[in-house]
Every structure is written in structure tokens, then in C-alpha cells.
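Got the viewer open? Here is a short walk through the model, with something to select at each stop.

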Number of protein chains: 2
Amino acid sequence: MRDARVAVIGATGAVGSVTMRILRERGFENVRAFASARSAGSVLADGTVVEEAMPEALAAGEIDIALFSVGTEASGKLVPHAVRGGAVAIDKSAAFRLEPGIPLVVPEVNPGRALEHDGILANPNCCAIPLTCTLKPLHDAAGLVRVRVATYQSVSGAGAQAMERLRNEPQEQHDLRMDWSFDGVEFEEESKLRDETKKILELPDLPLQATCVRVPVMVGHAEAVWIETEDELTPEQAHELLGSAPSVRLEDFPSPGKAAGGDEVLVGRIRRDPTVEHGLALFLAGDNLRKGAALNAIQILELVAERQRAAA
Amino acid sequence: MRDARVAVIGATGAVGSVTMRILRERGFENVRAFASARSAGSVLADGTVVEEAMPEALAAGEIDIALFSVGTEASGKLVPHAVRGGAVAIDKSAAFRLEPGIPLVVPEVNPGRALEHDGILANPNCCAIPLTCTLKPLHDAAGLVRVRVATYQSVSGAGAQAMERLRNEPQEQHDLRMDWSFDGVEFEEESKLRDETKKILELPDLPLQATCVRVPVMVGHAEAVWIETEDELTPEQAHELLGSAPSVRLEDFPSPGKAAGGDEVLVGRIRRDPTVEHGLALFLAGDNLRKGAALNAIQILELVAERQRAAA
């Protein structure tokens, strides 16, 4: 599996550079890096020369799996070329996530969907991944009735330039921001989080509302979550379920700083919501560049590559 | 009223220095500054020489109204001396807020309570003040059933030293923090926000849960709020009610940066909570040092001073 021919498109961006690093950590030996014309020809820290992400190069039949970490518009244009050339595309953008028939995969939650693809798999939003990892075992045990989420999202979710801006911003000017496109009622980030969570959990009717906020933190997203369940679920039971959930680690006070650089979703502050009968409140934090993006894509890649090898 | 003999105890702290500034803005002419022995003798920007907050000085009968912005422990010790000397004490700490018979006042919400004091009035928690300003008109119109709040609190709420720490912290190290005392289930800040909101609104049975989080912002607290009401309340109706509520200003996307330095609570993002029948979500931001602390105390002072003058 580690000899699959992998291409990372958008390799110089915030997510792409973490993708290159994790591929190396996990022993992939055959990795090419692509980016826009502006970055083509530059040399990455590991010596890889960046190629230009031209349609012909992606369609040339020399890629088994292509990991896209470019914007939604660029993904819409480039992904079909990679697929045309025989690659399986795993796309981080919002371009394909809600398309019927295109799997939207969190390997801990709905791994079977990864095998149902038709050339394209979508990697979910950076807040939806840790949220579904957390909600899945609770839903399986007690049935989710409704979910409310307030997010604390780091600037790295907005890309490398936003990180550079924060690095140069005097502390006196730090502010909360809502830097997503707005439809008059909610931010695109809020509808993504709702709709993708429903698709991943396969709960199309789950009532969920999110308030999304950008905070002046470099890496790591956190979420304050309220859930209500059909059946009684005590904080102790939730604690036990989450303590053995894959990719979840219990932590008294999760924070972006504690989650950054790690592979796990930190979940804590699990307590009763005393305002309703079957309610729980909890707080989670995850590395949005790793489990929230690059790592999740690579876990999908591993599912796909294993299948390709088994089929070969 | 502007010639009342006012004392600010804790005048060199984060809230105290804003208190001194607002007193000057509002034309108070007879203001003395007190602080701990460490700061006594220092000279403030406006030329005021800081006196040591000794019990005898506070009890000497030369103060009409004493504004305390010291810690809960220091307030518990010093406030009785000022009252003994004939002053009315308005205390910012948590020492007296939940004491039966001691008014906890937000002048826009329960001004009548300010006249029922017995020498001590309490100034609420910095998150409870903007929250109650926002909830009061909504409750009067439709009856609150339950409230959930996730906070985004700036470091100035933790005092001048915390501001200095953030000023010197590299952006890469910024993190969310939960720097309050913890009882095993919730932070003191969360129980304060709940219990004080219930006392101010005079709704002892209101179910309310808060998740409190410190964010790396210098000044200004924000809150993501979900409410449910007895009667139907549309976002349009809530918009109209809040548009004419005292000390509230509608703002599409409230943020600490927009609120800082101003006297108003910014409220926006008012929308249906589609997960329940009579639910609304909204987002608010206020200057925690001004309306969340110093300004609210001075508004209480003005109510008290007016009464003292009328009685004289």
C-alpha cells in the first residue's frame, strides 16, 4: 500500500504541507507535489520539487490516488482531470461533499462508504470531522434528538495567508471574526457543518444548529456542544463510550493548544445539560490541519489503497 | 450629583483605571483613588495620587459612594469599613452578589433594586450584564423557557497582569483557556453567570447553562446564545425589541473589537433555532471593562447619588 503513486495537489498550502508531512510519517514513498504556477518549481523542505497542477499532468495516468487541498473552485476544475487519468481523487474542498453518490468519509464513523466511490471521495469540513467522531458513539447508544454547536476556529482554517496575518498582528488588534460567506441568515461554514454532519452520520433529519466563530489561535479548532438524546445517557456513560471511541481521547479541559500536532480529538467537560431531560454538554478540540483535514484524507487514502491492492 | 464624594478602591487595576476614566468623562469632580500598599503613592495619568486602601481611611466618614474593583477576598474585608463610615459601597467582586437582600443591579434591567440597598450594592459578572440587557426585553415579550450560552471572554476579564501576559505572548502560543476555579463539574464563572442572571431577571427557576472560555483577545467579551420562549417570538420581533432596548445596539456581526471602547451591548445574528419550536439563536459582544464592569457600576452610582441628593 505504501508504494501507491500519490499526488498532493495544493502541496504548499496550510493543509497541503501538513499532508506531505503526514504521508512521510506514515511511510508513503511515492509522493508527488503539485501547486499553482506561482509555486511550481519551488523545492519543499524534504527536497520534493513542486510541479504545476496542469490538467494534462493530472490526467496522464501516472497517479493512483490524488489528494486535493485547493479551493472549491480549483477542485471543481481539476478533480475531473485526475479521475479521467484513472486516479481516485480525495478532495478537501466543499465542491463535491454534498453531491449524492459521492462518499463523504470519516473513517472512524462511516468507513464502508469509502469503498462505494466512483472516482471521487470527499473529505469533510474541519469542524464536522471531530464533531462526528464524538457524536457517533453517543448516537449509537442513545439516539441523537438535536445538536447545537458554538465553534472556536483557528486562523489556519482560513489558510497560510491568514496564519501569516495573525503572526504579524499586534495583540491589541486581535478580534473574533466571522470570515465566511453569509447568505443573510447563516455563514456557509454553519450550513456546511450542519449538512455534512447529517450526511456523515446518515441522519438526514437531525436538527442541528451551529454558530461559527474564528478566534485568534494559530492551529486547532474547538467546539462547545449541546446534545439531546432519545434515551437517558448519563455523563458517566458518555465518558465511558467516548473513552473507547476511535481517535477520541478524554481530556479534562480540551484546548486547541493541547490538540495541535496530535492525531486525536480531545473531548471533555462532559456534563448534564440541566435545562432539559436528556441533555448533555461537552467541549472538544482537534487539530484542524491534521484530523480536521490532512490526516482524515490520508486515512481515507489508506482505506482506498488497501482496496486497490486487494483488487490488483 | 456630580459633586458626590466618590472613592475608587482598586484604582490601578484593569477595571479600576477604566472606572477613573469614565468618572472623569461623566463629570465627577470629587474622586479619590485607593489601591494596595504596593501602588499607594503612585500618581495616575490624571494627576490623582493613589492612597492606600486602609480600613481607617475608608471608615473616616469622608466618602459618599465607594466603588470597589478589588478581588472577592479583599472586598469581603474592606467593604464593611466603608459602609461603617457611612459610604454606600458598590462592589464589583463576587463577595456579595448572591447574598439575599443585597441588590445585584443592571440599571437597564432592574433599576428599582438600586434603591433597596442597605449600604452595599453588587455589580454583576461581566458576562451577566450584557446577557441580561439582551434577555430582559425578550423575556418581557415572550417568556424565557431556557437559555444556553457559550462565551468568548477576553483576557482583560482576568486583570491587568493577564493583559500584559497576552501582550508578550507569541501568536503561535495563543490558546483557549479556562482559567477559573473548577468544582468538578463547572467553572465558578459558569455558575456565576447562571445564578446572577437568574437573580437580576428575578427568574429563580430559569434553566440556564453556560460554557465559559477565555480567548486571546485583549478587551471585549462575546456570547453565543440560544434561547427558547413560552410564546412564539420571530427573529423580526426580537430584532425590533432589541433595536429599542436601552444600551443595546443592533450590529450584523458583533465582535469584541467593535464593542471595545463603547457603552453599548452589540447584538446580532438573531435567527431561528430550527431545532425547537420557539427557539432563537443570537450573538452578542460588549466591552467587559466598561458596560461589563466600570460603566455599570457608575450607572448604579448615579442612581444612588440621585437618590441621596433627593433625600438631602
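Before the clicking starts, a word on labels: helices and strands here are DSSP runs, with at least four residues for a helix and at least two for a strand, numbered from the N terminus. Keep in mind too that this is a predicted model.

**Stop one: chain A as a whole**

Select chain A and colour it by secondary structure. You should be able to pick out nine helices and twelve strands. The radius of gyration of chain A is 19 Å, close to the 20 Å that the globule rule gives for 312 residues, so chain A is as compact as a globular protein of that length. Turn the C-alpha trace of chain A along its principal axes and the spans are about 60 × 55 × 35 Å.

Now switch on a surface. The accessible surface of chain A is about 11,800 Å², and carbon and sulfur atoms own 49% of it. Of the 312 residues in chain A, 60% count as buried. If you like contact maps, take the contacts in chain A with a separation of 6 or more: 69% of them join residues 24 or more positions apart.

Colouring by charge is worth a moment as well. Chain A carries 32 positive and 46 negative side chains, and the centres of those two sets lie 3 Å apart.

**Stop two: where A meets B**

Bring chain B back into view and select the contact. Chain A puts in 49 residues, and chain B puts in 49 residues. Together the two chains bury about 4,100 Å², with 58% of that on carbon and sulfur atoms. Which three residues should you show as sticks on the chain A side? Pick R148(A), Q171(A) and Q209(A), which supply 17% of the area that chain A buries against chain B, more than any other three residues.

**Stop three: A11(A)**

Head for A11(A), in the loop between β1 (6-9) and α1 (14-25) of chain A. Buried or exposed? A11(A) has a relative accessible area of 1%, and the cut-off for buried is under 20%, so A11(A) counts as buried. Leave out the neighbours within four places in sequence, and A11(A) is in contact with G16(A), S17(A), M20(A), A33(A) and F34(A). For a distance check, draw a line from A11(A) to E73(A): they are 62 residues apart in sequence and 17 Å apart in space, C-alpha to C-alpha.

**Stop four: A37(A)**

Next, select A37(A), in the loop between β2 (31-35) and β3 (51-52) of chain A. A37(A) is partly exposed, with a relative accessible area of 48%. Add L166(A) to the selection: 129 residues along the chain separate this pair, and their C-alpha atoms are 26 Å apart.

**Stop five: A281(A)**

Move on to strand β12 (residues 279-286) of chain A and click A281(A). A281(A) is buried, with a relative accessible area of 0%. What does A281(A) touch, not counting residues up to four places away in sequence? Within chain A, look for V225(A), W226(A), R269(A), I270(A), R271(A), R272(A) and D273(A), and then find Q209(B), which A281(A) touches as well. From A281(A) to A142(A) is 139 residues in sequence and 15 Å in space, C-alpha to C-alpha.

**Stop six: V145(B)**

Cross over to chain B and find V145(B) in strand β7 (residues 144-152). V145(B) is partly exposed, with a relative accessible area of 25%. Setting aside residues up to four places away in sequence, V145(B) touches L206(B), P207(B), E228(B), T229(B) and E230(B). D205(B) is 60 residues from V145(B) along the chain, with 9.4 Å between their C-alpha atoms.

**Last stop: a backbone oddity**

Most residues other than glycine have a negative phi. Now select S247(A), in the loop between α7 (235-243) and β10 (248-250) of chain A. S247(A) is not a glycine, yet has a positive phi of about 65 degrees. Then jump to S247(B), in the loop between α7 (235-243) and β10 (248-250) of chain B. S247(B) also has a positive phi of about 65 degrees without being a glycine.

Notes. Residues numbered from 1 in each chain as written. Chains lettered and ligands numbered in written order. Predicted model: local features only at pLDDT ≥ 70, side-chain atom pairs only at ≥ 80, totals over all residues. Heavy atoms only, no water. Rg over C-alpha atoms; globule rule 2.2 N^0.38 Å. Buried < 20%, exposed > 50% of the residue type's maximum accessible area, 1.4 Å probe, protein only. Contact = heavy atoms within 4.5 Å. Areas by Shrake-Rupley, 256 points an atom, 1.4 Å probe, with all protein chains shown as cover. Lys, Arg positive; Asp, Glu negative; His and termini not counted. Charge placed at Lys NZ, Arg CZ, Asp CG, Glu CD. Buried area = accessible area lost by both parts, 1.4 Å probe.
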